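User: I am a first-year student, and I would like a close look at a single part of this structure, with the reasoning spelled out. Could you take one helix and then follow its surroundings outward?

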Amino acid sequence: MSKMRIMGILNLTPDSFSDGGDFLSENNAITHAYKMRENGADIIDIGGESTKPNARYVDEEEEARRILGIIKKLSKENFLISADTRKPNVMEKAIDNGAKIINDISGMSALATPKIISKLDASIVIMHIQGEPENMQKKPSYQFAPIEIYKFLEKKIDLALSEGVKLNCIAVDPGFGFGKTPVHNMQIMSWLPMFQSLGVPVLLGGSRKSSIAALSNNEEPKDRLAGSVVLLCYANLFGTQIIRVHDVLESKQAINISSHINKQI
């Protein structure tokens, strides 16, 4: 964690906001994972359920069917795999098939989650969300978002530790775009250094998010690369350890250049 690491996104879903349907075939998914690793991804984050606003809930059996075979194949090829899931049963199966990290957008809302992480000696990214994907963007409200998010994550870290999860197996994500307005997301960006005081790595997932379009010119998701890179560079300046991205090649280049600038500050 001495430098920013890249988590490349691999959505095995028909309805994700940016790349839904692009990697439904096993061949396309495997090929894309190899391309992301060649371009500089340290982690491949595999998801089988879209969590965009108003996304359709996917049952455990279907989500597991989408992701487990790909996780198993890639883990055998020495990929570091993260499973993007909020369901404890899917988490357990993903770890059994080779995933080393669970990326839980629900912020460990299920009581079984920290127990599973501890029992199977896995790692977890604990993300903040207000509400659930089905309702999270219906007038999200905070007194001051960064402080409330910080307190939420602090409590979740304590919960994980109390269940036996090791501190060096925990990372946090302030949840850019999950139950936040564009203003809330910009507040998160400006207060990113504060989250470092939680004592665990910080992950930011701003890639292609709708706030970029809302604050720019209403661009479509695949036309939001420039905005995504701006967020990445700010995050790198502020010491963020992990960036979750769709565009690995461009993100790696931005990290390389912004890191050289940071050394001169």
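Analyst:
**Helix α1 and its surroundings**

Helix α1 is followed by G40, whose phi is positive, near 120 degrees. This is a predicted model, and every value below is computed from it.

The length of the helix can be checked first. Helix α1 runs over residues 26–38, and because each of its 13 residues should add 1.5 Å, the expected span is 18 Å, which agrees with the 18 Å between its end C-alpha atoms.

Next comes the question of which residues of α1 are buried. They include A29, I30, H32, A33 and M36, and these residues cover an arc of only 165 degrees around the axis, which means that they sit on the same side of α1. A general rule helps here: an α-helix has 3.6 residues a turn, so residues three or four places apart point the same way. On the other side of α1, N27 and E38 are exposed. As for what the buried side meets, the buried residues of α1 pack against the strands β1 (5–11) and β2 (43–47), and also against the helices α2 (60–76) and α10.

Two of these neighbours lead on to charged pairs. Within helix α2, E62 and R66 lie 4 residues apart, about one turn of the helix, and they form a salt bridge whose closest N and O atoms are 2.9 Å apart. The two partners are not covered alike: E62 counts as partly exposed because its relative accessibility is 23%, whereas R66, at 13%, counts as buried.

The loop between β2 and α2 holds E49, which is joined to R86 by a salt bridge with its closest N and O atoms 3.1 Å apart. This pair links distant parts of the chain, since R86 lies in the loop between β3 (81–84) and α3 (88–96), 37 residues from E49. Both E49 and R86 are buried.

The remaining neighbour, helix α10, covers residues 248–263 and contains I261. Together with L237, I257 and I265, I261 makes a nonpolar surface patch of about 420 Å².

To return to the helix itself, α1 has A29, I30, H32, A33 and M36 buried, with N27 and E38 exposed on the other side, and its buried residues pack against β1, β2, α2 and α10.

Key: Residues numbered from 1 in each chain as written. Predicted model: local features only at pLDDT ≥ 70, side-chain atom pairs only at ≥ 80, totals over all residues. Heavy atoms only, no water. Patch = residues over 30% accessible without salt bridge, like charges linked within 9 Å, V, L, I, M, F, W, Y side chains within 5 Å. Areas by Shrake-Rupley, 256 points an atom, 1.4 Å probe, with all protein chains shown as cover. Salt bridge = Lys/Arg side-chain N within 4 Å of Asp/Glu carboxyl O. Helix = DSSP H or I, 4+ residues; strand = E, 2+ residues; numbered from the N terminus. Expected span 1.5 Å × (residues − 1). Buried < 20%, exposed > 50% of the residue type's maximum accessible area, 1.4 Å probe, protein only. Arc of directions from axis to C-beta. Contact = heavy atoms within 4.5 Å.
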